[in-house]
Amino acid sequence: IENQFKKAFSLFLQLKKIEVNGQDCDDSKADPKNECKAFDKDDPCANKDLRNKKVSQDVKNQIAQRIQNIADIPNSNTTPPILFLNEFGIQEIEDGTGEINVDLYELDITKLPNGVSAQQLFEEIRKNFDKIVSGGNTILDKAKFSAYEPEDFNTWNSSNPTGAAMVFRTPLDNATVIATEYSLEEMFWTFTTVTSFNHWGHPVSGHRQFKMRDNQNGTFTFEVRGADRLTTPIDFLANIGLDLFGERDFAFDLADDTWKNLMETVANFIKEKPGAEVKPFNKNKEYGKRHPYNENDCK
């Protein structure tokens, strides 16, 4: 009987799918490739799916069409100076500078609002993202979230936001991202940083995923996780230079404040709905870490 139980349990592990930090993966892959390991900020290969993510050809085609549409406008004033030759383009992690940042922010939802499904709550968060994003903790890094163009606003608020170009606007910089993945069934979307005609490059290169994770026990977790690096040597030097003002890692500290504030706002957004119960979000915890980067690692 004991042997039969072991065989049955072994078969169960082979067939069972589990979800860890937004990834669907087989238990059998947990070792030795570490593809199913719970998030550990001390692990440089944490969020390896985002670290190794490649944008789909469909999204690349959408970006190419966007570029062509601009080129077809006579005397367009949105085309940047030819000196920089800047246009819409994916900012690949491997083309970035310095260490790679990996992080995971989690907000536990112990009870959904009355009469609201997890998918409905996920969509409410997405479509109210402009009211949820607030940026960092100072006047200079307060942020507003808006569409790059009116067409992007329509795409973002549609049933499929893939391809929408959105902007995080701060007094210091305007940073453009594109929604490169979305699934209502799995309740997630992914932003990828891009260069753009009007806003140059994003200060970091990489991907960030926003997901409503089903814990399979009646509770849910809203999570924000990313993998990114500073984009150019100029961003790297500016980040170091701000040490003179007491900011050791200005770009990453700003991002950390932004995501912590966002999680707190999401918590309040959910708690305002009748029947909802959310665990307090701990803003004092460290949710990420930077590691030396080698393109050939974590494959």
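## A walk through the chain, starting at Ser-205

Setting aside neighbours within four places in sequence, Ser-205 is in contact with Gln-91, Glu-92, Ile-93, Thr-193, Ala-227, Asp-228, Arg-229 and Thr-231. Please keep in mind as we go that this is a predicted model. Ser-205 sits in strand S9, and its relative accessible area of 2% makes it buried. Two of the listed neighbours are also polar partners of this serine. The side chains of Ser-205 and Gln-91 are joined by a polar contact of 3.1 Å, and a polar contact of 2.9 Å joins Ser-205 to the side chain of Thr-231.

Another serine is worth a look while you are here. Ser-196 lies in the loop between strand S8 (188–195) and strand S9 (204–214). Although Ser-196 is in a loop, it is buried, with a relative accessible area of 0%. Its side chain makes a polar contact of 3.0 Å with the side chain of Thr-176.

Now step back to the whole chain. It has eight helices and twelve strands, and 45% of its 299 residues are buried. Among contacts with a separation of 6 or more, 64% are between residues 24 or more positions apart. The accessible surface comes to about 15,900 Å², and carbon and sulfur atoms account for 53% of that area.

Next comes the interior. The largest nonpolar core has 41 residues, and the members that touch the most others are Phe-129, Phe-191, Phe-222, Leu-262 and Ile-270. Helix H8 (residues 250–271) supplies the largest share of this core, with seven residues. To see how one of these members is surrounded, pick out Ile-270: beyond four places in sequence, it touches Leu-107, Ile-109, Pro-113, Leu-121, Ile-125, Ala-276 and Val-278. There is also a second, separate core of eleven residues, including Val-59, Ile-63, Val-167 and Phe-197.

The aromatic residues give another route through the structure. The model holds 20 aromatic pairs. In one of them, the ring centres of Phe-210 and Trp-259 are 5.7 Å apart and the planes meet at 70°, so this pair is edge-to-face. Phe-210 belongs to strand S9 and Trp-259 to helix H8, so the pair links distant parts of the chain, 49 residues apart. Both partners are buried: Phe-210 has a relative accessibility of 0%, and Trp-259 has a relative accessible area of 9%. The two also take part in a cluster linked by ring pairs, made up of Phe-122, Phe-129, Phe-145, Trp-156, Phe-168, Tyr-182, Trp-189, Phe-191, Phe-210 and Trp-259.

From Phe-210 it is easy to move to Phe-188, in strand S8. Phe-188 is buried, at 11% relative accessibility. Beyond four places in sequence, its contacts are Phe-122, Glu-181, Tyr-182, Ser-183, Gln-209, Phe-210 and Lys-211. The last of these, Lys-211, is 23 residues from Phe-188 in sequence, yet their C-alpha atoms are 4.1 Å apart.

The chain also contains one disulfide. It is formed by Cys-45 and Cys-298, whose sulfur atoms are 1.9 Å apart. The torsion about this S-S bond is about -80°, so the disulfide is left-handed. This pair, too, links distant parts of the chain, with the two positions 253 residues apart: Cys-45 is in the loop between strand S2 (23–26) and helix H2 (48–51), and Cys-298 is in the segment after strand S12 (288–291). Cys-298 counts as buried, at 11% relative accessibility.

The loop that holds Cys-45 also holds Asn-47, which brings us to the backbone. Most residues other than glycine have a negative phi. Asn-47 is not a glycine, yet its phi is positive, at about 60°. Gln-216 is another non-glycine residue with a positive phi, of about 65°. Are these residues buried or exposed? Asn-47 is buried, with a relative accessible area of 3%, whereas Gln-216 is exposed, with a relative accessible area of 68%. Gln-216 lies in the loop between S9 and strand S10 (220–230), so our walk ends in a loop that borders S9, the strand that holds Ser-205.

Methods. Residues are numbered from 1 along each chain as its sequence is written. This is a predicted model: local features need pLDDT of at least 70, side-chain atom pairs count only at pLDDT 80 or more; totals for chains, interfaces and linings use all residues. Side-chain values use heavy atoms; hydrogens and water are left out. Helices (H or I, at least four residues) and strands (E, at least two) are DSSP runs, numbered from the N terminus. Buried means under 20% relative accessible area, exposed over 50%, partly exposed in between (1.4 Å probe, protein chains only). A polar contact is a pair of N or O atoms within 3.5 Å; within protein, one must be able to donate a hydrogen and the other to accept it, and residues adjacent in sequence count only if both atoms are side-chain atoms. A nonpolar core is a set of buried Ala, Val, Leu, Ile, Met, Phe, Trp, Tyr and Cys residues joined through side-chain atoms within 4.5 Å. Contact means heavy atoms within 4.5 Å. Accessible areas come from the Shrake-Rupley method with a 1.4 Å probe; for residues, only the protein chains shown count as cover. A disulfide is a pair of cysteine sulfur atoms within 2.5 Å. Rings of Phe, Tyr and Trp (its six-membered ring) pair if their centres lie within 6.5 Å; planes under 30 degrees apart count as stacked, over 60 as edge-to-face and the rest as tilted.
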